[in-house]
Amino acid sequence: MWSRRYGSDVLADGQSGRLGRRRAQREVPEIEAERGLVVEDSEGRFCGAVVGYEKGVVTLEDRHGKRRVFPLAPAAFLLDGQPVTLIPPTPRGGSGGASGGASARARTASGSVAPPPSRAKVARESRIYVEGKHDAELVEKIWGDDLRDVGVVVEYLGGIDDLPAIVTTFAPAPGRRLGVLVDHLVAGSKESRIAAGVRSPDVLIVGHPFIDIWAAVRPAAVGITSWPEVPRGQPWKEGVLRALGWPPEVPAGWQRILRSVTSYADLEPELLGRVEELIDFVTGPGND
């Protein structure tokens with residue numbers, strides 16, 4: 001199963017991208033992203049109430065308690081069926097309002113309400129595979145608490161070439177789903193061709209558009225203005241370290257980046273949406 005949401009979210013250089021630009025050029029009202037405001041994303045695929053705002057992204061929660069994180073892009077939402085642009089809410093003083101009540105409850109790094117302490121859960125049969133060691137460590141840091149709460153185990157996928165054999169060995173079936181997060185899954189790539197060869201209603205393969213998971217971390221979180229451009233043919237990580245003037249050791253560089261990530265707001269929306277989509281897929285109805 002392919003993520004139908006992936007193409008329009010990331011590979012927006014085609015018709016959907018042009019449509020988005022035309023929408024952005026319209027005169028649309030600006031609405032503050034106040035807690036409790038109910039809106040729908042512009043593609044009509046998710047409707048929920050605003051439950052959080054941080055660093056240019058807004059979190060919506062639907063009536064089933066599912067959450068999605070969206071960037072505050074122009075004309076990216078519908079209010080009563082009409083396009084609107086959500087803008088940062090006006091800060092409010094005092095002890096009331098958004099600072100009290102449910103918003104004061106402890107939250108996980110992904111922005112979810114932290115569950116009360118409980119016994120360790122029995123792992124589900126469904127699994128999530130993540131390509132790359134750094135990718136897996138980042139998923140653990142942000143979504144680890146959520147995954148443990150729902151009993152989902154994350155496995156390390158050494159490389160996309162291993163995917164067909166892993167799917168065959170895993171033997172996906174209803175109640176035994178497999179979700180896969182792939183690096184740099186873009187049209188025409190080797191990754192996309194291998195992923196296209198894996199066809200099963202119980203397998204969902206999604207990917208982010210970044211050349212490396214490092215670039216899925218917002219530059220501001222690391223204290224830089226942008227990720228450096230590395231010439232083609234040069235190792236990307238090593239090129240980034242040279243351009244930033246950091247020590248040349250890749251493991252040390254990654255740990256520096258990983259330490260800078262403290263919550264979902266430090267990650268790009270293109271990665272946030274894909275991981276949450278995988279979690280929903282492997283924990284949906286019939287996957288208990």
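This passage looks at the salt bridges of a predicted model. In that model, local features need pLDDT of at least 70 and side-chain atom pairs count only at pLDDT 80 or more, while totals for chains, interfaces and linings use all residues. Residues are numbered from 1 along each chain as its sequence is written, and side-chain values use heavy atoms, with hydrogens and water left out.

There are 12 salt bridges in the structure, a salt bridge being a side-chain nitrogen of Lys or Arg within 4 Å of a carboxyl oxygen of Asp or Glu. One of them joins Glu125 to Arg176, at 3.4 Å from N to O. Glu125 sits in the loop between β7 (82–87) and β8 (127–131), and Arg176 in the loop between α4 (163–170) and β10 (178–182), so this pair ties together parts 51 residues apart in sequence. Helices (H or I, at least four residues) and strands (E, at least two) are DSSP runs, numbered from the N terminus. Both ends of the bridge are partly exposed, Glu125 at 48% relative accessibility and Arg176 at 25%; the label covers whatever falls between buried (under 20% relative accessible area) and exposed (over 50%), with a 1.4 Å probe and protein chains only.

Helix α3 (residues 133–150) has salt bridges of its own. Glu137 pairs with Lys133, their closest N and O atoms 2.6 Å apart; the two are 4 residues apart in the helix, so about one helical turn separates them. Glu137 is partly exposed at 22%. Further along, Asp145 and Arg148 meet at 3.0 Å, N to O, and here the spacing is 3 residues, again about one helical turn. Asp145 (44%) is partly exposed, as is Arg148 (46%). These two also belong to a salt-bridge network with Glu140.
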